[in-house]
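Work through the exercises below with the model open beside you. Try each task before you read its solution.

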Amino acid sequence: MKQGHLELFYDKLDYYHFSLVGLAFAGLFGYAFLSSEHRRNQSLKLSLGILIVVGFYELLAVFVSSQKIVNLWVFNIFNSHVAAVLFFLLLRSFLKRESHKKTVHILIVLFLLISMVLHLTGIIHYNDSGEYILFLNTVLILGCCGLFFIELITLDDFLNIDPLKEFSFWASTAVMFYFSSSFMIYISYRYLYTYHLDIYYMVWLIPRSMTLLCNLLLCLGIYSPLIKDKYQLEIVHV
Amino acid sequence: MSEQENHFLLILFGGIVFAFLMSLFVVIMIVLHRQRQIQNRHKIEHLQSEHEKTLLNVENEIQQETLSQIGRELHDNIGQLLSLAKLSLNSSKPEKQAEVKEYINDIIREVRTLSKTLNSDWVEAVTLDEFISQQLVKIQSTGYCETSLQSDGTFHDLKKDQKLVMIRVIQESLNNAIKHALPDHITIKITKTDRSRKIEIVDDGRGFDTSIKSTGRGMDNLAKRMQTIGGKFEISSQPGAGTVIRLELPA
């Protein structure tokens, strides 16, 4: 690697990347101290997976960009596919009805199949701005969030809980906010970048802030059982 | 205002409206959840009061039944024995004196048996199998019909309130069978599956058409009582083909 590229890589790193990598390490650290029972918890495993994947691809994107290579494929593969599937699975882990869980599985397979067909037929390219795939995974993930909220207001299993103290509720809400707000901004990126660069830089902060908030919440979810065990204080129930 | 400013304001306004709508959605979800919780709480309170009322009724009915039974026993059994003892006392023959002794011993035994029935904790002392067995022996001894019991002892560990209701429902079902079905045979089968414990009361009496709504509320009451202890009540019958009553409790 050339010295100039490495310097560019360091130059491009900012608070956003450091925060995401920090959250990934914090999540990993917290997870290592969890009891074996909590480690088996599907939601916590997936939360950690998301933290690591997001931290990794954001760094990779900066690295690829510092090599003067277009880095859109990093986001298309890791953000639009790997992280999206992890979010699908996270939402699935919150669901109680078997039929809803099966629906999420079907949605994942459907999403991957459509994506594969679109890529293979050349309708979309792995290194484009990825609006179609983003549209698809956002719609499907919002559908999964919908399934969770339907269960929340119809299933008896949720009657004895306070949703404001449930990790599943906050995580679903955060995922819903993150995907819907980010989607609106992602699809307008090309237009804004071409015609209104200053507005582009302004709205660019929104998905970044949403990603940070979402990852912070997932990290808090991992630490919640530890805080409960140590200080008898339950911030969110996992 | 420049075009750029217009665009910016549009995006800003759109973003605020969007965030507001999303937040509203989440708030509505929480409100709906809270409302459901309140409704559920009311439902549970209602069920609890129904349960308590049912238990009270069942206890009263069992007391009434016990008092009638004691009345019958005093009149038909102990009264007769006392009369015989009195008659024998009038005689001075030594064998009659021995008979009086025998009568008094019988009376003491009968009074002891009766006093056991009067004990309020008899429900706790007796198992459901024992109770059913006693009822069937009583029915058979009166000559109404033949009876049999097949049990795997699955109802040995019932709670007192569940046992009270089950006793009353079984008593009522047997009374109905004797009164209305005129069977030659009544069989009670007690079995257990993975999910439930079942009692089947089968008679070979004249049966009835279950599709015709009964004017009384007896069956509805029995079903409701079973519901209050988390159980189920089912009845299947056909004219001329006997009746099967199924009482089910979760395992």
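## Exercises on a sheet and two cores

Start with a hairpin in this predicted model. Strand β4 (residues 232–237) of chain B pairs with β5(B) in the antiparallel sense, over six bridges.

**Exercise 1.** Find the turn of the hairpin formed by β4(B) and β5(B). How many residues lie between the two strands?

*Solution.*
1. Locate one bridge: S237(B) has T243(B) as its partner in β5(B).
2. Follow the chain through the turn: five residues lie between β4(B) and β5(B).
3. Check the backbone there: G240(B) has a positive phi of about 80°.

**Exercise 2.** Which strand joins β5(B) through eight bridges, and in which sense do they run?

*Solution.*
1. Take L247(B) in β5(B); it is the bridge partner of I199(B).
2. The strand is β3 (residues 196–203) of chain B, and it runs antiparallel to β5(B).

**Exercise 3.** Put the five strands of the open sheet in chain B in order. Which are the edge strands?

*Solution.*
1. Add β2 (residues 185–192) of chain B: it pairs with β3(B) over seven bridges, antiparallel. Here I186(B) stands opposite D203(B).
2. The order is β1-β2-β3-β5-β4, with mixed pairing.
3. The edge strands are β1 (146–151) and β4 of chain B, since each pairs on one side only.
4. From one strand to the next, the twist averages 10°.

**Exercise 4.** Sort the residues of β5 (residues 243–250) of chain B by face, covered or uncovered. Which helix lies across β5(B)?

*Solution.*
1. The covered face has T243(B), I245(B), L247(B) and L249(B).
2. The uncovered face has V244(B), R246(B), E248(B) and P250(B).
3. Helix α5 (residues 160–181) of chain B lies across β2, β3 and β5 of chain B. Its direction is at about 175° to β5(B).

**Exercise 5.** Now turn to chain A. Which residues of the largest nonpolar core touch the most other members?

*Solution.*
1. Recall the general tendency: in soluble globular proteins, nonpolar side chains tend to be buried together.
2. The core has 50 residues, and those touching the most others are I50(A), F87(A), L91(A), I141(A), C144(A), F148(A) and V175(A).
3. Look for the main supplier: α5(A) gives the largest share, 10 residues.
4. Trace one member: beyond its neighbours within four places in sequence, V175(A) contacts F87(A), L91(A), I141(A), C145(A) and C214(A).
5. Then find the second, separate core: its 21 residues include L128(B), L164(B), L222(B) and L247(B).

Note on methods
Residues are numbered from 1 along each chain as its sequence is written. Chains are lettered from A and ligands numbered from 1 in the order in which they are written. This is a predicted model: local features need pLDDT of at least 70, side-chain atom pairs count only at pLDDT 80 or more; totals for chains, interfaces and linings use all residues. A residue is buried if 20 or more other C-beta atoms lie within 10 Å of its own, exposed if 12 or fewer, and partly exposed in between; C-beta atoms are placed from the backbone. Helices (H or I, at least four residues) and strands (E, at least two) are DSSP runs, numbered from the N terminus. Two strands pair if DSSP finds at least two bridges between them. A nonpolar core is a set of buried Ala, Val, Leu, Ile, Met, Phe, Trp, Tyr and Cys residues joined through C-beta atoms within 7 Å. Two residues are in contact if their C-beta atoms, placed from the backbone, lie within 7 Å. Axes are lines fitted to C-alpha atoms, for helices over the stretch in contact, and angles run from 0 to 180 degrees between N-to-C directions.
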